[in-house]
Amino acid sequence: MPLSELLYAQVIKQYRRKRVVRVKHWVVFGTLGAIEQVLAVYGWKINTAFVERLNLDIRQRVAAVGRR
């Protein structure tokens with residue numbers, strides 16, 4: 001079991017015709033209020049920007065991944 005202080009949330013994107021039509025936030029551990037309170041200190045929101053940027057970098061640099 002994880003520690004009780006762990007805060008973990010996921011962003012679930014729903015696509016229709018290759019476009020994002022809905023974004024849902026799913027709290028796995030902790031509460032939505034606690035997660036938003038921690039992120040508000042830095043001015044952040046729950047999003048996928050960091051992961052999307054990493055995926056784009058990998059696709060651009062590794063030809064085999066970019067073709068998939």
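What follows is a chat between a trainee and a mentor about this predicted model.

Trainee: Before we start, what are the ground rules for this model?
Mentor: It's predicted, so local features need pLDDT of at least 70 and side-chain atom pairs count only at pLDDT 80 or more, while totals for chains, interfaces and linings use all residues. Residues are numbered from 1 along each chain as its sequence is written, and side-chain values use heavy atoms, with hydrogens and water left out.

Trainee: Okay, in which order do the elements run?
Mentor: From the N terminus you get β-β-α-α-α, that is, two strands and three helices. Those are DSSP runs numbered from the N terminus: helices are H or I with at least four residues, strands are E with at least two.

Trainee: And is the chain compact or spread out?
Mentor: Spread out: its radius of gyration is 15 Å, well over the 11 Å that the globule rule gives for 68 residues, so the chain is more spread out than a compact globule. The radius is taken over C-alpha atoms, and the rule is 2.2 Å times the number of residues to the power 0.38. The C-alpha trace spans about 40 × 30 × 25 Å along its principal axes.

Trainee: How much of the chain counts as buried?
Mentor: 6% of the 68 residues. Buried means under 20% relative accessible area, exposed over 50%, and partly exposed in between, with a 1.4 Å probe and protein chains only.

Trainee: Give me a buried residue, then. What does T48 touch?
Mentor: T48 is buried at 18% relative accessible area, and it touches V11 and K13, leaving out residues up to four places away in sequence. A contact here means heavy atoms within 4.5 Å. T48 sits in the loop between α1 and α2 (49-61).

Trainee: What about V41, buried or exposed?
Mentor: Exposed, with a relative accessible area of 66%. V41 is in helix α1, residues 32-42. The C-alpha atoms of V41 and R61 are separated by 34 Å, with their positions 20 residues apart along the chain.

Trainee: Switching to backbone: which sign does phi of R17 have?
Mentor: Positive, near 55°, in a residue other than glycine. K18 also isn't glycine, and its phi is near 65°.

Trainee: Where is R17 found?
Mentor: In the loop between β1 (8-16) and β2 (19-29), and K18 lies in the loop between β1 and β2 as well. R17 is exposed at 80% relative accessible area, and K18 is exposed at 83%.
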